[in-house]
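Q: Please take a close look at one part of this model: the sheet and the helices packed around it. I would like a connected description that I can follow on the structure.

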Amino acid sequence: MIHPIPPGTRDILPDEMRELRELERRLLQAFTGFGYGEVGTPTIEYDEVLARGDGRTAGSAYRFFDERGDLLALRSDMTIPIARLVAGRYGGAEPPFRLCYISRAFRAVCPQRGQMREFTQAGLELIGPEAPGGTAEVVEVLQAALDAVGLNRAVIGLGDADLYRQALAELGIEGEARDSLLEKLATHDLVGLQEELELADGIGDEQRATLVSLSQLRGGSEVLEQARSIGGAAVERAIARLQGTFDELERRGAAERVQIDLGLLRDLGYYSGAILEVYDPALGHVLGGGGRYDRLLERFGRDLPAAGFALYLERLHIAQAEEERIGGRSEAGR
């Protein structure tokens, strides 16, 4: 008799577990090679702590009451717990802080869409260094981690979290209309974006075309010049930030696999400035992401700039297997 498990969870058998552990070992070796120290935080946090970090995503957490009646929640990522940890445990220490982790996280999602309720994240947080140098370091370590697990074809998308928020504010679009447009961008729903823009009040045809054009601009540094020709204060500010990051990446020799993507937006509310997303052509799924969150630690009592990323271990494993299959097929065809 087979007893079911909850949708969005899975069992892992010995062969796959060995492969996952090897992935973890390689990733951790890449992180520590750049001076990042591994940390762990409780799987369970006070719900108020997670909501303070990002109230927008508080609804994605699994909540329950403890024996004293306090509301607890399973962490849905590691960035907020580490921000809490640094503000509390490193309150008297001088930055920078280089911290990494490989930990389970949980989100209330729709499993029928192939999303996982329970998953493993491998990532790091760089706390203290400003942009663009701090951002470039995070991207450099991210590339090293992808190379360490054999995903040297993976592409890193680089966008700006404030571009659309500020552009919509300039047009006077606020509240639910703004949130709905940002959600379409975060889910890469360009058709939905155009439909929402058609329905939005106060946007002319030219402004609508501008927003759609921006969302489809991706490529090398030439994209920044194309965006500059569109104009607007929000666009100009975002271009300046992205140019600074890209120039620093080029100086470090780490820009080759970075694609500027002005339509990129993450679904977590604490990001500000540069944001990242990792794609692998063998898989077609997002392998992870990250970015700057310069205002997050201030919510926990210590104002420090920060950036980081997280990779989904299970998706890395699938992408790794697909890359090996493609590589094996190429070798056989020679």
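A: In this predicted model, helix α4 (residues 133-148) lies across seven strands by name: β5 (97-106), β6 (118-127), β7, β9, β10 (274-279), β11 (286-292) and β12 (306-312). Relative to β12, helix α4 runs at about 20°.

These strands belong to an open sheet of nine strands with mixed pairing. Read across, the order is β1-β5-β6-β12-β11-β10-β7-β9-β8. At the edges are β1 (37-38) and β8 (218-219), each of which pairs on one side only.

Within the sheet, β7 (residues 155-160) and β9 (residues 258-261) run parallel and are joined by three bridges. Along this pair, leucine 158 stands opposite isoleucine 260 in β9.

Next, a helix pair. Two packed helices are described by the angle between their axes and the distance between the axes. For helix α9 (residues 222-230) and helix α10 (residues 233-252), the angle is about 165° and the axes are 9 Å apart. Angles over 145 degrees count as roughly antiparallel, so α9 is roughly antiparallel to α10. The crossing of α9 past α10 is left-handed.

On the α9 side, the contact is made by Leu224, Ala227 and Arg228. Their partners in α10 are Val235, Glu236, Ile239, Leu242 and Gln243. By class, the residues of this contact are five nonpolar, one polar and two charged. The charged ones are Arg228 in α9 and Glu236 in α10, while Gln243 in α10 is the polar one.

Definitions and conventions
Residues are numbered from 1 along each chain as its sequence is written. This is a predicted model: local features need pLDDT of at least 70, side-chain atom pairs count only at pLDDT 80 or more; totals for chains, interfaces and linings use all residues. Side-chain values use heavy atoms; hydrogens and water are left out. Axes are lines fitted to C-alpha atoms, for helices over the stretch in contact, and angles run from 0 to 180 degrees between N-to-C directions. Helices (H or I, at least four residues) and strands (E, at least two) are DSSP runs, numbered from the N terminus. Angles under 35 degrees count as roughly parallel, over 145 as roughly antiparallel, 65 to 115 as roughly perpendicular and the rest as oblique. A crossing is left-handed if the near helix is turned anticlockwise from the far one by less than a right angle, and right-handed if clockwise. Contact means heavy atoms within 4.5 Å. Two strands pair if DSSP finds at least two bridges between them.
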